[in-house]
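Let's walk through this structure together, one piece at a time. Please have the sequence and the 3D view open as you read.

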2 protein chains.
Amino acid sequence: MITDLQNILATNIRGMKRSAIRELLKFLGQPGLISFSGGFPAPATFPTEELKDIIADVMDKEAAFALQYGTTEGDILLRTLMVERYKKAGLDMSIDNMIITTASQQALDLIAKIFIDRGDTVIMGLPSYLGGISAFNSYGAEMIGIPMDEEGENPEIMEAKIKEAIARGKKPKFIYVIPDFQNPAGMTMSEKRRKEIIAIAHKYDILILEDSPYRELRYEGEDQRTIYELDGTGQVVLLGTFSKIFCPGFRIGWVVGHPDILDKIVVAKQATDLCTPPFTQRIAARYIEKGLLDPKIQQIRVMYKAKQKVMLDSLQEFMPEEFSWIKPQGGLFLMAYGPEGIDTNALLLDCIKEANVAYVAGTSFFCDGKGQNTMRLNFSYESEEQNREGCKRLGSFYKKVLANRN
Amino acid sequence: MITDLQNILATNIRGMKRSAIRELLKFLGQPGLISFSGGFPAPATFPTEELKDIIADVMDKEAAFALQYGTTEGDILLRTLMVERYKKAGLDMSIDNMIITTASQQALDLIAKIFIDRGDTVIMGLPSYLGGISAFNSYGAEMIGIPMDEEGENPEIMEAKIKEAIARGKKPKFIYVIPDFQNPAGMTMSEKRRKEIIAIAHKYDILILEDSPYRELRYEGEDQRTIYELDGTGQVVLLGTFSKIFCPGFRIGWVVGHPDILDKIVVAKQATDLCTPPFTQRIAARYIEKGLLDPKIQQIRVMYKAKQKVMLDSLQEFMPEEFSWIKPQGGLFLMAYGPEGIDTNALLLDCIKEANVAYVAGTSFFCDGKGQNTMRLNFSYESEEQNREGCKRLGSFYKKVLANRN
């Protein structure tokens, strides 16, 4: 073995740590553990029965295609169906605005790869999705955090921070937002807020990266138009994924954007994994073609809405009164805010060991390293009963913590 | 749309072009085209029938696992089976030496990501695999090319080039080699040559990246031990893939290496695609568990050996006498060398249009931009008849080219 591995690592990698969420996965095997940690869909939502016939059909009729290499842009049938789906929802787009990626984590990686030189700046919420943070971090991005209100990133502060960055020669490469049921904080941007962000992007000639994995999982309120649609000029790159509305095990996501930007992503993807599995892409395409996706999403909505309600009611019932949270209109998560001085990260292992319940310490989602008093709770994976029991355990644990503190 | 996309691209991406091979794929639809271009396996080698039952079984018994997110290291069953397979072949290793990647292109990307800062140097053959070149290029590597003889990279020149690089403060991050049936040039390193390369790596404390996608596709001669095995100290990272011995459409490869290096790759992979599809991994694992992989490889060997023979015979029969090639002992490719002054890249489109046969212009494989007179020919994808017909067309085309030149 070479004598000093650490010394020959790329600069961007030296400081990288394993993802807090991915590392929590190893505790999932602990007997009786209730996990609010990952963003796992409920296995009951997987279209297992429907897929059996579809897969058998693909293997009978198009195995030579599905088992071979595919184009980097993605399966033309899947892209066509997704474009039709967006068009039906009112978006003006063509096949040239759509490529497939190896789930949306790869889209985050490729966007970072094509835009970020070490030290470049990126704008994002405080908090924001940690998969985005780790992708941008892996290319050495400097992340500028914007405080959030009940609608998302505060536009005045965003503009001020952009001006500041420009003044020091570090104009942000893009503004990263999750406008629908933000992960982890849960808020949804109004159309007004979306337009304010677009106006800032246009004024300063900056791209917007709209990450939208949960958009179709709305449990109340009205759909908002995507920032991509509201912009209409090609200045927004929109990311989507099948992971939460179909299954994560296929690893399929997509990018909607201006063809010139997609072209660069494709060039980078060629060097990264050549293509997303043609096998899972074709199965997904046939599933959508059969009209199965939309009824499935309806089912998932009903199931997750009920699970969310149980979690909200149980938090109310069991958590110490010093904790608060907002009620997201959709998605898979909510974020709980504890009193200042609580360190959810330092307490996590104790919580798993003593209370047998896991969450993600919120600090991983704050690019400024703050948020020690926060935790992200997933309500999609465990059953309603477990959601209630988990909140009960979590509440008892934190009541004890607070009691010992006083 | 923003006003100047080119201007905000990352430095490493600005000069990147679409892969010559990937771009050739669009011609594959041309009626009657014979393609010697991609590294496509013959669809007849895909284990379609055997997979039908296995997939049905996975969907019946373990869909909740296979359709969910998986660990970044890869399916534990698949890793275990692959380790057993290597152990049977005489390698001393454990599960901690094995991770799964989204095919070996991702392994090349991740290795580059964890080691290469812009301007860092890498050692490779002249020629070498273009997927490696494009992965390293996407992180701004400076590639130092080493001339090859009939056994691979010349060790004296390699050592001299390494000394030169060290003298200017640019000690190479790794030595990239494809020791078995090198892509594209076809030669195989003797054990003596492998040991010479290892000695250089030890002397200068440099990692070796051993890319071995074709290793099991040997048509004559004796297996050579891997450089990984011969080293035995953990200074070699070994890449493998199912793309050529099972199917590319599943996108599964693996990395064998020292746990400290794999740990860094896993951290980088978390930010890149979270995990390789658990669905395709579990199907592949069950396929191997049933003992189907090794008989399949035997079948593929018989088929490709015959295809290679047809191509070699047909080149002999039809190519202008100014062309030469070596006979690889395995793999999917051979490289033809034309007379100096021929530009196979400039002639490729004409060759496709006039002769309806495609190859990959060899210059893409030369990190020094040379090799204009070379072409890579794949013999695995087309039938024996097409291999013969394609060589006939290629020969006529180049005979005309040479006649017009004189």
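In helix α8 of chain A, the buried residues are L130(A), G131(A), G132(A), I133(A), S134(A), A135(A), F136(A) and N137(A). Buried here means that 20 or more other C-beta atoms lie within 10 Å of the residue's own, while 12 or fewer would make it exposed and anything in between partly exposed, with C-beta atoms placed from the backbone. Since eight of the eight residues of α8(A), 130-137, are buried, the helix is largely enclosed by the rest of the structure. Helices (H or I, at least four residues) and strands (E, at least two) are DSSP runs, numbered from the N terminus.

A word on what you are looking at: this is a predicted model, in which local features need pLDDT of at least 70 and side-chain atom pairs count only at pLDDT 80 or more, while totals for chains, interfaces and linings use all residues. Residues are numbered from 1 along each chain as its sequence is written, and chains are lettered from A and ligands numbered from 1 in the order in which they are written.

Now step back to the two chains. Two copies of a chain are related by a rotation about an axis and a shift along it. Here, chain A is superposed on chain B by a rotation of 180° with 0.0 Å of shift along the axis, at an RMSD of 0.0 Å; the fit is by least squares on the C-alpha atoms of residues with pLDDT of at least 70 in both copies. That is the relation of a two-fold axis. Both copies use the same surface, as 100% of the contact residues of chain A recur in chain B.

How many residues of chain A are in contact with chain B? There are 72, and they meet 72 residues of chain B, where contact means that the C-beta atoms of two residues, placed from the backbone, lie within 7 Å. On the side of chain A that touches chain B, the elements that each supply at least two residues include α4, α7 (103-115), α8 and α13 (278-289). The largest share, eight residues, comes from α12(A). By type, this side of chain A divides into 38 nonpolar, 21 polar and 13 charged residues. Ala, Val, Leu, Ile, Met, Phe, Trp, Tyr, Cys and Pro count as nonpolar, Asp, Glu, Lys and Arg as charged, and the others, Gly among them, as polar.

One helix pair is worth a visit. Helix α4 of chain A and helix α4 of chain B, residues 48-61 in each, pack with their axes 10 Å apart and at an angle of about 180°. Axes are lines fitted to C-alpha atoms, for helices over the stretch in contact, and angles run from 0 to 180 degrees between N-to-C directions. The two helices are therefore roughly antiparallel, a label for angles over 145 degrees (under 35 is roughly parallel, 65 to 115 roughly perpendicular and the rest oblique). T48(A), L51(A), K52(A), I55(A), A56(A) and M59(A) meet T48(B), L51(B), K52(B), I55(B), A56(B) and M59(B). This contact has eight nonpolar, two polar and two charged residues.

Follow M59(B), which lies in α4 of chain B. M59(B) is buried, with 20 other C-beta atoms within 10 Å. Leaving aside neighbours within four places in sequence, M59(B) is in contact with T48(A), L51(A), K52(A) and I55(A). Within its own chain, the C-alpha atoms of M59(B) and I283(B) are separated by 9.5 Å, although the two residues are 224 apart along the chain.

On to the sheets. Chain A has an open sheet of eight strands with mixed pairing, in the order β2-β9-β8-β7-β6-β3-β4-β5; two strands pair if DSSP finds at least two bridges between them. Its edge strands are β2 (98-101) and β5 (152-153), each pairing on one side only. β5(A) pairs with β4(A), residues 142-149, in the antiparallel sense over two bridges, and D149(A) has G152(A) as its bridge partner. Helix α6 of chain A, residues 76-88, lies across β2 and β9 (253-256), running at about 120° to β2(A).

A second open sheet in chain A has four strands in the order β10-β11-β14-β13, with antiparallel pairing. Five of the five residues of β14(A) are buried, so this strand is largely enclosed by the rest of the structure. The bridge partner of M335(A) in β14(A) is R376(A), and R376(A) is also the bridge partner of V360(A).
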